[in-house]
Amino acid sequence: MRIAITGGKGGTGKSLVATALAVELAKENKVLLADMDVDCPDDHLLLSIHPKKEKDVMITMPKRVNEKCIKCGKCAEACQESAILFHKETGPKIIPDQCIGCTACMLACPVDAIESEQVSTGAIYTGSGQGLDFVSGELKAGKKESSPVVNAVNKYISEAGKNYDYIIVDTAAGTHCNVIAALRGCSLALAVAEATPMGAHDLNLILELLAELKIPAQGILNKAGVGKRELAENIFAKNNIPIYGEIPYSLEIAKMYSQGVPALVPEIKEIAKKIRREEP
Ligand code: SF4
Ligand code: SF4
């Protein structure tokens with residue numbers, strides 16, 4: 001069973017829930033924790049796991065424009081990233097820092113004048129610890145397009161997933177295409193929320209996205225006891241999402257978090273029990 005831990009806003013406690021839940025489930029089940037926040041993966045830090053590089057994630061990038069170029073400008077027209085400067089006398093000039101490797105320019109070129117090369121845009125890391133297996137993707141610093149790395153982690157999960165009872169997917173914040181890619185294939189999503197105006201706003205966005213993707217969702221109210229509880233409750237109710245569990249705002253949890261210790265509090269144990277009762 002693949003379960004997404006998501007929540008819209010950053011800082012709501014997705015990683016805290018994902019790591020603690022994965023460790024708790026791993027006490028009785030085979031668990032793979034997948035950190036798909038590829039811009040900033042940090043679940044391994046919370047679990048004191050030291051992952052090793054599994055492989056680079058390669059993408060096709062334009063390398064140079066050769067002498068076949070007829071200076072038609074079609075490559076610059078095709079580039080949505082403004083990564084090609086074009087002048088009818090000097091021809092196209094590729095700006096590598098702007099390029100995301102979509103290959104549209106190469107497809108648009110009528111004379112095959114754009115040569116390509118394979119470059120690393122990030123990597124997949126794997127490791128084990130706390131009774132579970134771990135995989136994460138990490139985008140290289142300065143790279144703009146993270147979807148190839150998310151897709152590579154998805155491929156790893158598809159190949160390795162049959163060996164596990166539970167795959168816990170920790171998504172990035174937001175509702176952008178990488179979050180959508182991480183959510184695909186999940187049969188349940190736990191939407192972690194906090195009771196603040198910004199939290200409620202972003203919670204609504206992620207619940208709408210989950211409905212759009214037809215992924216059954218349940219709510220987790222984190223930092224319960226601070227903020228205006230009804231802010232989150234109203235959004236869950238509006239989207240017909242039951243509150244599956246609550247995690248209190250506590251000094252004990254904050255200390256565990258800061259020390260890289262999974263927050264195995266009774267509320268997490270309760271959520272794990274409920275998950276074991278779910279249909280696979
Ligand atoms: S690969 Fe895509 S982003 Fe890069 S220069 Fe070509 S069209 Fe632009
Ligand atoms: S599309 Fe090809 S031929 Fe036309 S300007 Fe670009 S590189 Fe040159």
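I'll start with the sheet: it is open, has nine strands in the order 3-6-7-2-8-1-9-10-11, and its pairing is mixed. At the edges are strand 3, residues 52-65, and strand 11, residues 243-248, each with a pairing partner on one side only. On average, neighbouring strands are turned by 20° against each other, ignoring direction. Keep in mind throughout that this is a predicted model.

One pairing in a little more detail. Strand 6, residues 114-129, runs antiparallel to strand 7, residues 132-139, and eight bridges join the two. Take Tyr125: its bridge partner in strand 7 is Ser136.

Now the helices on the sheet. Helix 1, residues 14-26, packs on it and touches strand 1, strand 2, strand 7, strand 8, strand 9 and strand 10. Its direction makes about 170° with that of strand 8. Helix 7, residues 197-213, lies across strand 1, strand 9 and strand 10, and runs at about 170° to strand 9.

His201 sits in helix 7. Is His201 buried or exposed? It is partly exposed, because 13 other C-beta atoms lie within 10 Å, and the partly exposed class falls between 12 or fewer for exposed and 20 or more for buried. Its C-alpha atom is separated by 21 Å from that of Leu16, and the two residues are 185 apart along the chain.

Next, the cores. The largest nonpolar core has 70 residues, and those with the most contacts inside it are Leu21, Ala22, Val31, Ile168, Val169 and Ala191. Helix 1 gives the most to this core, nine residues. A second core, separate from that one, has nine residues, among them Cys75, Ile84, Cys99 and Ala113.

Back to Val169 for a moment. Leaving out residues up to four places away in sequence, Val169 touches Arg2, Ile3, Ala4, Ile5, Ala34, Met36, Ala182 and Cys186.

Last, the two ligands. Which residues are closest to ligand 1? They are Cys79, Ala83, Cys99, Cys102 and Cys105, out of 14 that surround it. By type, the shell around ligand 1 divides into 11 nonpolar, two polar and one charged.

Ligand 2 is surrounded by 15 residues, the closest being Cys69, Cys72, Lys74, Cys75 and Cys109. Here the division is 11 nonpolar, two polar and two charged. Helix 3, residues 74-78, and strand 5, residues 91-94, each supply at least two residues of the shell around ligand 2.

To tie two of these topics together: Cys75 is one of the residues closest to ligand 2, and Cys75 also belongs to the second core. Likewise, Cys99 is among those closest to ligand 1, and Cys99 is in the second core too.

Definitions and conventions: Residues numbered from 1 in each chain as written. Chains lettered and ligands numbered in written order. Predicted model: local features only at pLDDT ≥ 70, side-chain atom pairs only at ≥ 80, totals over all residues. Pairing = 2+ DSSP bridges. Helix = DSSP H or I, 4+ residues; strand = E, 2+ residues; numbered from the N terminus. Axes fitted to C-alpha atoms, helices over the stretch in contact; angles between N-to-C directions. Contact = placed C-beta atoms within 7 Å. Near = placed C-beta within 6 Å. Nonpolar A, V, L, I, M, F, W, Y, C, P; charged D, E, K, R; others polar. Core = buried A, V, L, I, M, F, W, Y, C linked by C-beta atoms within 7 Å.
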